[in-house]
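Here is a short briefing on local backbone features. Keep the structure open while reading.

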Amino acid sequence: MRMIRLSPTYPQGWVGLASLLMGAILLLPQRATAQLTLAGDTVVTSPVDTTYLGGAALRLTPGRVVVAGAVESLGGGRYYRGAIFFITSPNGRLLRRRILSLPGNPEASFRGIISSRHGFASFFDNPSARPGQYPSQTWIRFDTLGNTTWQRALPVDSMASWRRASGFPGGVLTSGGGAAIGPGGFKAEFRRWTPDGDLIWKRQFGYWSYGRFLAPLLDGSYAAHTIDPTQYGIISYNNYRYDHRLYKLTAGGDSLTSSWVGTPNTWEGANEVKPTTDGGLIICGFEAPAPYSTVRRGVLIKVDSLLQEQWRYRIYGTCCDAEYGAEVYNAWELADGHYMILASGDNLPGIREIIPPAATGQLPTVGWTWQFPFRQNGPNTAKGFSQLLYEGTTGYGFGQYFADVTQTYAIADFYQCRLTNLPAPAVLDYCRRPPRLDSLRWAEIDNRPDSLRFWLEARETHPGPRYAELSLIEWDFGDGQTAEGWDVTHAYASPTPVRVRVCATNNVGCKVCRERFPYGPLSVRQEKEALVSVFPNPAPDGRFRLRGATGATATVLDAVGRVVLTQPGAEEGVVDLSSQPGGVYVLRLTWPEGTTLVRRLVR
C-alpha cells in the first residue's frame with residue numbers, strides 16, 4: 001500500500017492562508033512509496049497588484065530562486081501592466097520583487113527566463129516605434145540579485161520569435177512564429193543567437209504554424225516542436241484545429257526529418273516538451289475534439305527517437321469547456337522509468353504517477369496520485385501549482401491565490417510552497433559520447449616569447465554525439481586572464497611557467513578540457529598556486545568557498561596572529577568565519593610534503 005501524506009507547516013509569513021494547506025490523505029492500493037509532504041513557505045503580499053505567473057521558474061544559486069510573470073496594478077488610481085519577477089530563498093523568504101514597465105505599453109511582460117553565466121536573462125516586449133509595426137524585444141541580463149547588467153534591443157522582426165527561449169553553452173535558441181504573412185502563411189520559426197545577441201541562423205517550417213519548443217536530444221540534435229493545421233488537410237487558421245508536429249534539426253539548424261504527432265481534426269497544444277533517457281521525447285499539453293467543445297483533455301504523449309508516437313495518456317476533468325478544461329502542465333521522467341505529471345482540472349489530483357505500458361498497443365496506467373489542498377470559495381481562494389521547480393527529491397511549487405476580492409477588482413497574489421520526498425528523477429547522460437579535443441597548438445607572435453597565439457585545429461576535434469557541434473571554446477592562460485574562441489592571442493608579463501587550459505563544450509552541455517605548459521612544467525608550488533582559489537573574497541557573511549586545496553590543512557589567523565580556525569584535510573568546502581568579527585584574516589594552507597600557501601581573507 002502506498003500512502004501519500006500532507007503535513008503542512010505555517011510560518012508567520014503565510015498571511016492568513018493556514019486554511020489553504022489543511023491537507024487531504026490519499027490511500028491508494030498501489031506500489032509503496034515515500035510520503036509526499038507539502039510545506040507552506042511564503043506568500044508575497046501585493047495589495048494593489050494582480051500577478052500572473054508566466055510559467056517560468058529558475059534556480060539561480062543554492063540560496064536563490066527566481067520566478068517571473070506579468071503584473072497589473074490599479075495603484076494610485078492609474079493602470080499599468082509590467083513584467084515582474086520575484087527572487088526568493090528555497091525556504092520561502094522574499095529577497096527581491098521587481099517590476100519593469102514601459103510607458104504606453106499595455107503588454108509588457110517577460111518571455112520566460114533562462115540561466116546566464118552570472119545570473120539570469122529574459123526578453124522584454126518593447127512597443128513599436130512606428131504605428132502598425134510589430135513590436136521588438138529587448139534582451140536583458142540580470143545578476144543573482146536581480147540587478148540589470150546588460151541589455152540589447154533586437155530587430156523588429158524578432159518579436160514573434162521570442163515566445164520561448166532556452167540557453168545552451170555559447171548561445172540562445174528561441175522559438176515562435178515568423179512575422180511575414182504571405183503566400184506561404186505564418187510559419188513556425190526558430191532562431192539561434194550568440195551570447196551577445198547576434199543572429200546565427202533562422203529556420204522556418206510549416207504553413208500557418210507556430211514554433212513552441214526546442215528540446216536537445218542525446219544524439220546532439222534538437223527536436224523542434226510546432227503546432228500545425230491538422231495533418232489530414234489544411235484547415236482555416238481561424239478554426240484552431242492543430243496537431244503536434246516535430247522536426248529533428250542538427251545543431252546548425254539543418255532539418256533531418258519530421259513527423260506528425262496528433263489526433264486528426266482536433267485542437268491540440270503543448271505546455272512542455274522534454275527529452276527522455278531513451279533518446280525520445282515527452283509532450284505535455286491538451287487536446288479537444290473541437291475549439292469550442294465541452295471537453296478538454298490533458299495529455300502526456302511519449303515518442304521514440306524517430307519521433308514516432310509510442311503511447312498516450314489522457315486525463316479527464318468534469319467541468320469546463322475546451323478553453324479551461326483539463327491539461328498537463330509538465331512531466332518528469334523518474335529513475336524507475338515511470339513518469340510524474342503536474343496536471344490541472346476541476347476534480348483532478350495535482351500530481352500523479354504514470355506507468356508506461358508493458359507492450360505495444362497497451363495503455364499506460366496510474367500509480368499514486370496527490371491532490372492539491374486549497375480553498376475554493378471567497379477571499380484567499382487559492383489555485384494549485386501552476387509550475388513546479390523539481391530539484392532532486394524536493395519541488396518548489398508556485399501558484400496564485402486571490403488575496404482580496406472587491407466588487408470591482410480581484411487581487412491575485414503569488415505564493416510559494418515546498419513539496420518534499422518526491423521520487424528521484426532520471427538523469428540524462430548527454431556525455432555518454434564526450435567530445436574529443438586532440439589538438440592544442442601555440443606559436444610566438446613576432447618572435448616575442450611573452451606573446452603567444454593559441455589555436456585549436458578543427459579537423460582534430462570532435463563534438464561527441466552524431467549531430468552535435470562544439471559551441472563554446474574557453475581559454476584560461478594561467479595568469480588570471482581568460483578568452484573565448486578557436487584562435488586567440490595573449491601577452492604575458494614575462495615568459496615564466498604557466499598552465500594553459502582550454503575547454504570545449506558542445507551544444508548539449510558536455511565539456512572536455514586539455515592543459516599544456518608553453519614555458520615548461522610548473523613546480524609543485526606553482527601547481528598549487530594555479531589550482532587553489534578562495535571565493536567570494538570579500539565575503540560579508542564570513543563564508544569563503546575553498547577549491548583546489550585537497551590534502552592541505554587550513555589555518556586561519558586574525559590580524560594580531562591568533563589562530564581562530566583550524567581545518568585539517570581541506571578540500572572543496574567552506575571556510576566558515578561567520579562567527580568572527582569583520583576584518584582582515586590570513587588563510588594558511590599547508591600540505592604534508594611541506595608546501596605552504598597564504599591567502600588574505602576579508603570578512
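The points below cover one hairpin, two cis peptide bonds and two positive phi values outside glycine. The model is predicted.

**Hairpin β20–β21**
- Strand β20 spans residues 267-275 and is mostly covered, with 8 of its 9 residues buried.
- Its partner is strand β21, residues 281-288. The two pair in the antiparallel sense, over 8 bridges.
- Within this pairing, Gly 269 faces Phe 286 of β21.
- The hairpin leaves 5 residues between β20 and β21. In that turn, Gly 279 has a positive phi of about 90 degrees.

**Cis peptide bonds**
- Most peptide bonds are trans.
- The bond from Phe 535 to Pro 536 is cis, with omega near -15 degrees. Pro 536 sits in the loop between β41 (533-535) and β42 (543-547).
- Asn 537 and Pro 538 are also joined by a cis bond, with omega about 15 degrees. Pro 538 lies in the loop between β41 and β42.

**Positive phi outside glycine**
- Most residues other than glycine have a negative phi.
- Asn 421 has a positive phi of about 65 degrees. Asn 421 belongs to the loop between β31 (410-420) and β32 (436-437). Its relative accessibility is 36%, so Asn 421 counts as partly exposed.
- Asp 446 has a positive phi near 55 degrees. Its place is the loop between β33 (441-445) and β34 (448-455). Asp 446 counts as exposed because its relative accessibility is 68%, and the cut-off for exposed is over 50%.

Technical notes:
Residues numbered from 1 in each chain as written. Predicted model: local features only at pLDDT ≥ 70, side-chain atom pairs only at ≥ 80, totals over all residues. Heavy atoms only, no water. Buried < 20%, exposed > 50% of the residue type's maximum accessible area, 1.4 Å probe, protein only. Helix = DSSP H or I, 4+ residues; strand = E, 2+ residues; numbered from the N terminus. Pairing = 2+ DSSP bridges.
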